[in-house]
Amino acid sequence: MVWRRGLRAVCAAACLGLASGAALGQEPDRIFDKSTVWRPLTPNDKLVVYGIDDPDVAGVACHYTQPEKGGIKGTLGLAEEVSDISLSCRQVGPVKFKDKIKQGEVVFSERRSLIFKSMQIVRGCDAKRNTLIYMVYSDKVVQGSPKNSTSTVPLMPWGTEPPPKCGDFLG
């Protein structure tokens with residue numbers, strides 16, 4: 001009986017995790033993928049490139065590449081994905097802050113395993129250099145991973161518009 005209660009708790013937590021999806025209601029755009037391990041009867045392991053727009057800073061987009069497991073566990077969503085995620089962010093238009101931003105604020109988040117692991121993209125501002133800084137990392141309930149990737153976006157003029165000062169929008 002005790003194991004049934006434990007199983008119910010695990011299933012409930014999994015359902016909550018599956019329902020949570022991406023942070024801030026934004027789903028990433030899947031740009032392309034490249035197979036890395038061929039599997040004859042199930043989907044291949046692959047590297048997948050995704051794109052997202054910063055929800056609070058118009059004119060900034062990020063692309064990240066993450067490995068996705070194939071095989072039976074990957075197909076069923078039971079495989080724990082590794083923490084090797086790369087990140088690149090760029091100014092793609094005139095920068096406009098929609099609201100105040102906080103140092104280390106989560107821009108995007110998604111789960112990387114059935115229950116315990118998630119990937120986060122966070123943003124900060126280097127006011128001295130007028131540069132937005134984005135960092136991607138993964139974490140677990142008990143222990144995170146030191147693997148991370150950082151990308152910077154120096155705020156530049158776009159057309160005749162001068163760039164905003166990111167320090168003016170820190171809240």
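**Exercise 1. Find which residues have the most contacts inside the largest nonpolar core, and which strands supply the core.**

*Solution.* Start with the residues. The largest nonpolar core holds 24 residues, and those with the most contacts inside it are Tyr-64, Leu-87, Phe-97, Ile-121, Leu-132 and Tyr-134. Here a nonpolar core is a set of buried Ala, Val, Leu, Ile, Met, Phe, Trp, Tyr and Cys residues joined through side-chain atoms within 4.5 Å. Buried means under 20% relative accessible area, exposed over 50%, and partly exposed in between, with a 1.4 Å probe and protein chains only.

Next, go to the strands. At least two residues of this core come from each of strand 2, strand 3, strand 4, strand 5 (105–111), strand 6 and strand 7 (131–140). Helices (H or I, at least four residues) and strands (E, at least two) are DSSP runs, numbered from the N terminus.

Then pick out Leu-132. Setting aside neighbours within four places in sequence, its contacts include Val-57, Val-60, Phe-97, Ile-101, Val-153 and Leu-155, as well as Cys-125 and Cys-166. A contact means heavy atoms within 4.5 Å.

A word on ground rules before going on. This is a predicted model, in which local features need pLDDT of at least 70 and side-chain atom pairs count only at pLDDT 80 or more, while totals for chains, interfaces and linings use all residues. Residues are numbered from 1 along each chain as its sequence is written, and side-chain values use heavy atoms, with hydrogens and water left out.

**Exercise 2. Decide where the model is scored with high confidence and where with low.**

*Solution.* Begin with the whole chain. The mean pLDDT is 81, and 71% of the residues score at least 70; pLDDT is the predictor's confidence in each residue, from 0 to 100.

Now compare elements. Strand 4 has the highest mean pLDDT (97), and helix 1 (residues 2–20) the lowest (37). The pLDDT is below 50 over residues 1–23, a stretch with 14 contacts in the model beyond near neighbours in sequence. Where pLDDT is low, the predicted coordinates should not be read in detail.

**Exercise 3. List the elements of the chain in order, then trace the four-stranded sheet.**

*Solution.* First, count: the protein chain has two helices and eight strands. From the N terminus on, they run α-β-β-β-α-β-β-β-β-β.

Second, build the sheet. Four strands form an open sheet in the order 1-2-3-4, with antiparallel pairing. Its edge strands, each pairing on one side only, are strand 1 (29–37) and strand 4. Direction ignored, neighbouring strands of this sheet are turned by 15° against each other on average; the axes are lines fitted to C-alpha atoms, for helices over the stretch in contact, and angles run from 0 to 180 degrees between N-to-C directions.

Third, go through the pairs, where two strands pair if DSSP finds at least two bridges between them. Strand 1 meets strand 2 (residues 45–53) in the antiparallel sense over seven bridges. Val-37 has Asp-45 as its bridge partner in strand 2, and Asp-33 stands opposite Val-48. Strand 2 and strand 3 run antiparallel, joined by eight bridges, and form a hairpin with three residues between them. Tyr-50 stands opposite Tyr-64 in strand 3.

**Exercise 4. Locate both disulfides and give the handedness of each.**

*Solution.* The structure holds two disulfides, each defined as a pair of cysteine sulfur atoms within 2.5 Å.

Take Cys-62 and Cys-89, whose sulfur atoms are 2.1 Å apart. The torsion about their S-S bond is about 110°, so this disulfide is right-handed. The pair links distant parts of the chain, 27 residues apart: Cys-62 in strand 3 (residues 57–68) and Cys-89 in strand 4 (residues 86–97). Both Cys-62 and Cys-89 are buried.

Now the pair Cys-125 and Cys-166, also with sulfur atoms 2.1 Å apart. With 70° about the S-S bond, this link is right-handed. Cys-125 lies in strand 6 (residues 117–126) and Cys-166 in the segment after strand 8 (148–154), 41 residues apart. Cys-125 counts as buried because its relative accessibility is 7%; Cys-166 is buried at 0%.

Finally, numbering the bonded cysteines in sequence order gives the pairing 1-2, 3-4.

**Exercise 5. Describe the backbone and burial of Asn-130.**

*Solution.* Place Asn-130 in the loop between strand 6 and strand 7. Its phi is near 45°, a positive value in a residue other than glycine. Most residues other than glycine have a negative phi. Asn-130 is buried, with a relative accessible area of 11%.
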